[in-house]
Amino acid sequence: MPRPTAAQLAYGSATVVCSTLVMLLLSGTSTGIGVAVIGIAALALGLLVAVSVPRPGRAKAARPPGRSRTAGGAPDGGAGEARVHAGAGAESRSGRHSLRR
C-alpha cells in the first residue's frame, strides 16, 4: 500500500478537526457516548476525504477533440516519428552511462 502524501494527511486531519468541532457545537451533546459517536463519524469523514484526494502523477491528460494517436499520427501534429532524447542511451568515453558522470 502506498504511503499517504502530505496533501492527504493535511486534508484528512483538517477535516477531522473541523467536522468534530462543528458536530459538537451543533449537537450540543455532553454525554461520553455522544462525543464518541461524533469522534468516530469525524474520523470516518476524514479518512474518506484523505482517500479521495488525487495522488500526483495519476491524472490522465485530456486530449483535444478530434485527435487520435492511432489515426493521423502523433498528437502534436507531427508525422508520428519517435522522438528520443539524444543522450538518453549514450555512453561516455569511460564506458559509463551518460547520466552517471
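Ala44 lies in helix α2, and I begin with this residue in what is, I should say at once, a predicted model. At 47% relative accessibility, Ala44 counts as partly exposed, because that class runs between the 20% limit for buried and the 50% limit for exposed. Along the chain, Ala44 stands 29 residues from Thr15. In space, the C-alpha atoms of these two residues are 9.8 Å apart.

Thr15 also appears in the surroundings of my second residue, Thr20. Thr20 belongs to helix α1. Once neighbours within four places in sequence are set aside, the contacts of Thr20 are Thr15, Ile38 and Ala42. Which backbone atom does the side chain of Thr20 reach? That atom is the backbone oxygen of Val16, at a distance of 2.6 Å.

Let me now turn to Gln8. This residue, too, is found in helix α1. Is Gln8 buried or exposed? Its relative accessible area is 8%, and Gln8 is therefore buried, the limit being under 20%. Leaving out neighbours within four places in sequence, Gln8 is in contact with Arg3, Ala50, Val51, Val53 and Arg55.

Gln8 leads us to the largest pocket, whose volume is about 260 Å³. The pocket is lined by 15 residues, and those closest to its centre are Pro4, Gln8, Leu47, Ala50 and Val51. Which elements give two or more residues to this lining? They are α1, residues 6-27, and α2, residues 32-52. Sorted by class, the lining comprises nine nonpolar, four polar and two charged residues. Ala50 and Val51, listed among the residues closest to the pocket centre, are also among the contacts of Gln8 that I named a moment ago.

Finally, the protein as a whole. Its secondary structure consists of two helices and zero strands. The chain has 101 residues, of which 14% are buried, and Gln8 is one of the buried residues. The accessible surface comes to about 8500 Å². Carbon and sulfur atoms account for 64% of that surface. As for contacts between residues at least 6 apart in sequence, 47% of them join residues at least 24 apart.

To close, I return to the three residues. Ala44, in helix α2, is partly exposed. Thr20, in helix α1, directs its side chain to the backbone oxygen of Val16. Gln8, also in helix α1, is buried and is listed among the residues closest to the centre of the largest pocket.

Terms used. Residues numbered from 1 in each chain as written. Predicted model: local features only at pLDDT ≥ 70, side-chain atom pairs only at ≥ 80, totals over all residues. Heavy atoms only, no water. 1 Å grid on protein atoms, 1.4 Å probe; cavity = no way out; pocket = protein on both sides within 12 Å on 5 of 7 lines; lining within 4 Å. Points joined across faces, edges and corners; volume = space filled by probe spheres on them. Helix = DSSP H or I, 4+ residues; strand = E, 2+ residues; numbered from the N terminus. Nonpolar A, V, L, I, M, F, W, Y, C, P; charged D, E, K, R; others polar. Polar contact = N/O pair within 3.5 Å; in protein donor to acceptor, adjacent residues only side chain to side chain. Contact = heavy atoms within 4.5 Å. Buried < 20%, exposed > 50% of the residue type's maximum accessible area, 1.4 Å probe, protein only. Areas by Shrake-Rupley, 256 points an atom, 1.4 Å probe, with all protein chains shown as cover.
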